[in-house]
Amino acid sequence: MDTDIGALTIIFTEFYYWLTVALMFLIHVGFCMYEVGASRTKNMMHTLIRTRC
Amino acid sequence: MLIPVVTVSFFFFGWWIYFAFPNGPFIFEGKGLVPAPNAVPWSELMGPHLGGPPASDLVTADDTAFWARINGVFWAAFLLFSWTAASIVSGAVIERIRSGAFWLIAVMIGSVTWIIDAAWGWHWDGWMVKLLGYHDAYASGVIHAIAGGTALGVLVHLGPRIGKFRADGTPRNIVPHNPWLVTIGLFLIYTGFWGFYVACNVPIIGAGDIGSQGSMFTATTIYLTPTTLSAITVNFLMSLAGGLMAGYIISKGDGFWTYSSGLAGVITASAGNDLYHPIQALFVAVIGVVIMYKLHYWVERRFKIDDAVGAVAVHGYAGFIGLVLAGILLWGHPSSGFEGYAAITPWGQFIGAIIMFWVLGFIPGWILAGVLKKMDLLRIPREIEFVGLDLAEYHGRYLEESDVRRAEEDEARRAGLIS
């Protein structure tokens, strides 16, 4: 962090991983919808709350 | 509850395992655990830190300067992988597993077994990379094969849902209650995969830090081998396209399998998507989808395995095949920029695939599910499965719904709106 390029590299890397985390949340929104959709109506809430979230 | 149980356990020990276990332990030159001062839960670097001089002897000034701004986001990126590994298992076992049993399995794969495999084979210093030349840039094996293997191990003990198989042993198709939700869900998983792919890279690093010379800066894989976002973006899309086409053809236009095959295509190509030509990525995806589809139905009929969402096939078989194909197509490529590491070979990748799917996937899943079954804690009671888990656990909500509906009808009747 004691040179311009060093600081830029580290702060860019920090922001980059932060952004990947936000994008990867969508995988879990997707899994959630997918598994609830795949469950039969009688098991829907259980899949949503107990197994998924 | 998958998300909170994996998050908390990954904070307390999952992150430490990644940094402590790259030697096996004791597999690589008899070396044991590696000190992991940034990753133990009591480290000052596990809390807010601005990178100044360390407050304790546990870490050095170099540790704090490097990790202060990276440790938290790097931990979170790995954690999202942990959730994904556990989520793959959750789809396979829905509608009959006990909640507590699933939470234990989720912690096992999310905060123990997958992160052990990451330390071994998804780490620039992992013993599998050094000795086997193991290459799995976008996690065909370290996430997908292990999760598919774990799901299969659990399913062997869990058994099929009531009504899945006819008396003569042929399977029935238990259809999703909402195909729209399934489709949009799969599209969102594709979308999230953009984050997954780029999270597998180190975004910028100087060539001097990756065993090379000069002042060039580049993105690298987790093995610190150079790559570009352009390369993996094209290969991601081409393998998605290959998977969708193959799935459409082989399933004769079945919506569920066409969409799932897009994912399976990406998963098959992921091990080598940093190095493949886009047309290779396309055909690798096609091969993976054809084999995983055939294998799914063969295993279902032969062993009476009821995988509710095809997760063992889409993630497990496709991931396994992807590792093996990468060994053939990338034979001889360096697995690392550092001296002395084995090159990529078919046998190194095949052994790697066995370790991922069977050794760290199937066997731990089979053992834990077996113990839970012996204690009668694995599967919900038969009578609850008949009426549905929601009636058993959320009956208060349904009673209130019916009560309100009856009150509305009484009101409407009094107002003369209905008879």
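This talk covers chain B of a predicted model, its contact with chain A, and one of its helices.

I'll start with confidence. The model scores ipTM 0.96 and pTM 0.94. For chain B, the average pLDDT is 94, and 99% of the residues score at least 70. As a general caution, predicted coordinates should not be read in detail where pLDDT is low.

Next, the layout of chain B. The domain assignment gives domain 1, covering 2–36 + 70–382, and domain 2, covering 388–414. Taken over C-alpha atoms, the centres of domain 1 of chain B and domain 2 of chain B are 43 Å apart.

Now the interface. On the chain B side, 50 residues are in contact with 40 residues of chain A. The elements of chain B that give two or more residues to that side are helix 1 (2–20), helix 3 (71–93), helix 4 (99–121), helix 7 (179–199), strand 1 (202–206) and helix 14 (389–393). Which of them gives the most? That is helix 7 of chain B, with 16 residues. By class, the side of chain B that touches chain A has 33 nonpolar, 13 polar and four charged residues.

Let me stay with helix 7 of chain B. Its 21 residues, at 1.5 Å a residue, should span 30 Å, and the end C-alpha atoms are 30 Å apart, so the two values agree. Helix 7 of chain B also has a kink of about 25°, centred on B:Gly192. B:Gly192 is itself one of the buried residues of this helix. Others buried there include B:Val182, B:Gly185, B:Leu186, B:Leu188 and B:Ile189, and further along B:Phe193, B:Gly195 and B:Phe196. What covers these buried residues? The cover includes helix 1 (4–38) of chain A, and from chain B helix 3, helix 8 (229–250) and helix 9 (255–270).

One single residue to finish: B:Ile115, which sits in helix 4 of chain B. Why does B:Ile115 count as buried? Because B:Ile115 has 28 C-beta neighbours inside 10 Å, and the cut-off for buried is 20 or more. Apart from neighbours within four places in sequence, B:Ile115 is in contact with B:Gly14, B:Ile17, B:Tyr18 and B:Ser82. For a pair set further apart along the chain, take B:Ile115 and B:Ser336: they are 221 residues apart in sequence, and their C-alpha atoms are separated by 20 Å.

Definitions and conventions: Residues are numbered from 1 along each chain as its sequence is written. Chains are lettered from A and ligands numbered from 1 in the order in which they are written. This is a predicted model: local features need pLDDT of at least 70, side-chain atom pairs count only at pLDDT 80 or more; totals for chains, interfaces and linings use all residues. Two residues are in contact if their C-beta atoms, placed from the backbone, lie within 7 Å. Helices (H or I, at least four residues) and strands (E, at least two) are DSSP runs, numbered from the N terminus. Ala, Val, Leu, Ile, Met, Phe, Trp, Tyr, Cys and Pro count as nonpolar, Asp, Glu, Lys and Arg as charged, and the others, Gly among them, as polar. The expected span of a helix is 1.5 Å times one less than its number of residues. The bend at a residue is the angle between axes fitted to the seven residues ending there and the seven starting there. A residue is buried if 20 or more other C-beta atoms lie within 10 Å of its own, exposed if 12 or fewer, and partly exposed in between; C-beta atoms are placed from the backbone. Domain bounds come from an automatic or database domain assignment. pLDDT is the predictor's confidence in each residue, from 0 to 100.
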